[in-house]
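Q: I have a structure open and want to go through its contacts. Can you take me through them?

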There are 2 protein chains.
Amino acid sequence: MKRSEIASAQKRAIEMLAEAGIAITEKEKQELEVADFGLGRLETEGLEIVIYANNDRYCAKELVLFPFQTCPQHMHPPVEGRQGKQETFRCRKGEVYLYVPGNPVASPKAKPPTEYYTVLHEIVLKPGDQYTLAPETLHWFQAGSEGGIVSEFSSPSVDEADIFTDPNVKRIPVIED
Amino acid sequence: MKRSEIASAQKRAIEMLAEAGIAITEKEKQELEVADFGLGRLETEGLEIVIYANNDRYCAKELVLFPFQTCPQHMHPPVEGRQGKQETFRCRKGEVYLYVPGNPVASPKAKPPTEYYTVLHEIVLKPGDQYTLAPETLHWFQAGSEGGIVSEFSSPSVDEADIFTDPNVKRIPVIED
């Protein structure tokens with residue numbers, strides 16, 4: 001990603017958070033993470049993240065999704081003898097469609113962007129709805145037409161350990177000047 | 001507390017959450033916890049709580065404080081060989097004054113309701129501000145004139161183990177008909 005693309009995505013995410021009445025500090029705005037997963041198509045597959053806390057006991061983040069933006073399918077494996085990450089997604093604004101293993105719905109609300117999306121049991125999250133994922137559960141999610149904001153409460157996050165179904169994903173972004 | 005007092009406090013907390021744009025489900029509204037800490041003066045010393053998640057790995061809650069309402073001084077001890085609860089308070093709405101051990105401020109913004117408030121190092125939390133408390137840190141907090149809403153991210157919560165400075169506190173409420 002180019003720095004200009006990151007700056008533009010940060011600005012857009014900051015505006016969405018403000019519209020939702022979610023206050024963040026100037027430092028959080030500057031450090032707001034823009035993840036394109038190394039795929040180079042941020043609008044389709046990407047995620048914007050504010051990390052509130054990530055210590056050795058718990059983690060809390062705000063996840064921002066642009067309209068129809070998708071977080072690619074992945075799971076959280078055990079790390080250094082610790083259980084995989086367990087996480088609760090709580091929708092704060094917009095609609096978010098979450099997919100996990102199980103019976104696929106007949107007419108999914110989200111369209112998988114590539115062939116690397118294999119779990120299709122749908123959970124619809126509207127503001128106030130939440131869902132807890134057990135460790136090592138494959139999952140992906142996509143926002144509806146208005147985008148979405150999701151609070152993530154979890155055990156500690158070790159993003160670089162995440163296992164993505166798409167072999168082209170690079171979780172830690174490469175920034176070009 | 002009488003059921004009518006609980007219902008009235010729930011209604012008020014639900015309205016404050018709605019004003020802040022924080023969506024909660026019907027079930028969460030019904031189960032919204034009203035804690036008077038057994039002191040019988042909810043307006044002065046009390047707290048309204050929505051528990052989003054509390055499992056064996058992490059906990060997340062929304063804390064609602066009416067104007068000038070105070071959560072009494074307490075700390076979280078080790079429980080069954082596990083470290084005491086560590087918690088991050090993030091202000092979402094209003095102003096909240098948090099007090100911990102350390103140099104007392106000359107003119108505190110909050111007025112301790114009783115003599116059982118002994119730590120007076122002040123941290124002012126406005127929307128977007130947060131503070132992380134190490135385990136076993138004595139603390140108390142009070143909202144400003146508009147009340148306050150605080151997201152709490154933490155290690156698992158074992159409320160009944162909390163140690164309050166005021167010997168009259170009963171953390172688990174007694175409900176009268």
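Q: Start with Glu95(B). Which residue does Glu95(B) form a salt bridge with?
A: Glu95(B) pairs with Lys126(B), and the closest N and O atoms are 3.9 Å apart. Keep in mind that this is a predicted model.

Q: Where do Glu95(B) and Lys126(B) lie?
A: Glu95(B) is in strand E5 (residues 87-100) of chain B, while Lys126(B) is in the loop between strand E6 (121-125) and strand E7 (130-133) of that chain, so the salt bridge ties together parts 31 residues apart in sequence.

Q: What is the relative accessibility of Lys126(B)? And what about Glu95(B)?
A: Lys126(B) has 42% relative accessibility and counts as partly exposed. Glu95(B) is also partly exposed, with a relative accessible area of 26%.

Q: Switching to helix H1 of chain A. What separates Glu15(A) and Lys11(A) there?
A: About one helical turn, because they are four residues apart in helix H1 (residues 3-19) of chain A. They form a salt bridge, with the closest N and O atoms 3.2 Å apart.

Q: Is Lys11(A) buried or exposed?
A: Lys11(A) counts as exposed, at 53% relative accessibility. Glu15(A), at 40%, counts as partly exposed.

Q: Which residues are linked in a network of salt bridges?
A: Lys85(A), Glu87(A) and Glu152(A) are linked that way.

Q: How many salt bridges are there over all chains?
A: A search of the whole structure finds 22.

Q: And how many between chain A and chain B?
A: Four salt bridges are counted between chain A and chain B. One of the pairs is Glu28(B) with Arg90(A), whose side chains meet at 2.8 Å, N to O. Glu28(B) belongs to helix H2 (residues 26-31) of chain B and Arg90(A) to strand E5 of chain A, so this salt bridge joins two chains.

Q: Are Glu28(B) and Arg90(A) buried or exposed?
A: Both are buried.

Q: What about Glu28(A) and Arg90(B)?
A: Their side chains meet in a salt bridge too, at 2.8 Å, N to O.

Q: How many residue pairs are in polar contact between the chains?
A: The count is 18 residue pairs between chain A and chain B, both residues being at pLDDT 80 or more.

Q: Which elements of chain A give two or more residues to the side that touches chain B?
A: They are strands E2 (47-54), E3 (59-65), E5 (87-100), E7 (130-133) and E8 (139-154) of chain A. E5(A) gives the largest share of that side, four residues.

Q: How do the residues of that side divide into nonpolar, polar and charged?
A: On the side of chain A that touches chain B, ten are nonpolar, twelve polar and eight charged.

Q: How many residues does the contact take from each chain?
A: It takes 30 residues from chain A and 30 residues from chain B.

Q: What area is buried between them?
A: About 2,300 Å² is buried between chain A and chain B, and carbon and sulfur atoms give 43% of it. In chain A, the residues that lose the most area to chain B are Arg57(A), Tyr58(A) and Arg92(A), together 32% of what that side buries.

Q: Why do you say the copies meet through the same surface?
A: Because 100% of the interface residues of chain A are also interface residues in chain B.

Q: Last topic, symmetry. What rotation superposes chain A on chain B?
A: A rotation of 180° does, with 0.0 Å of shift along its axis and an RMSD of 0.0 Å. That is the relation of a two-fold axis. The C-alpha of chain A nearest the axis is that of Tyr58(A), 2.9 Å from it.

Conventions:
Residues are numbered from 1 along each chain as its sequence is written. Chains are lettered from A and ligands numbered from 1 in the order in which they are written. This is a predicted model: local features need pLDDT of at least 70, side-chain atom pairs count only at pLDDT 80 or more; totals for chains, interfaces and linings use all residues. Side-chain values use heavy atoms; hydrogens and water are left out. Copies are superposed by least squares on the C-alpha atoms of residues with pLDDT of at least 70 in both. Contact means heavy atoms within 4.5 Å. Buried area is the accessible area (1.4 Å probe) that two parts lose on being put together, summed over both. A polar contact is a pair of N or O atoms within 3.5 Å; within protein, one must be able to donate a hydrogen and the other to accept it, and residues adjacent in sequence count only if both atoms are side-chain atoms. Ala, Val, Leu, Ile, Met, Phe, Trp, Tyr, Cys and Pro count as nonpolar, Asp, Glu, Lys and Arg as charged, and the others, Gly among them, as polar. Buried means under 20% relative accessible area, exposed over 50%, partly exposed in between (1.4 Å probe, protein chains only).
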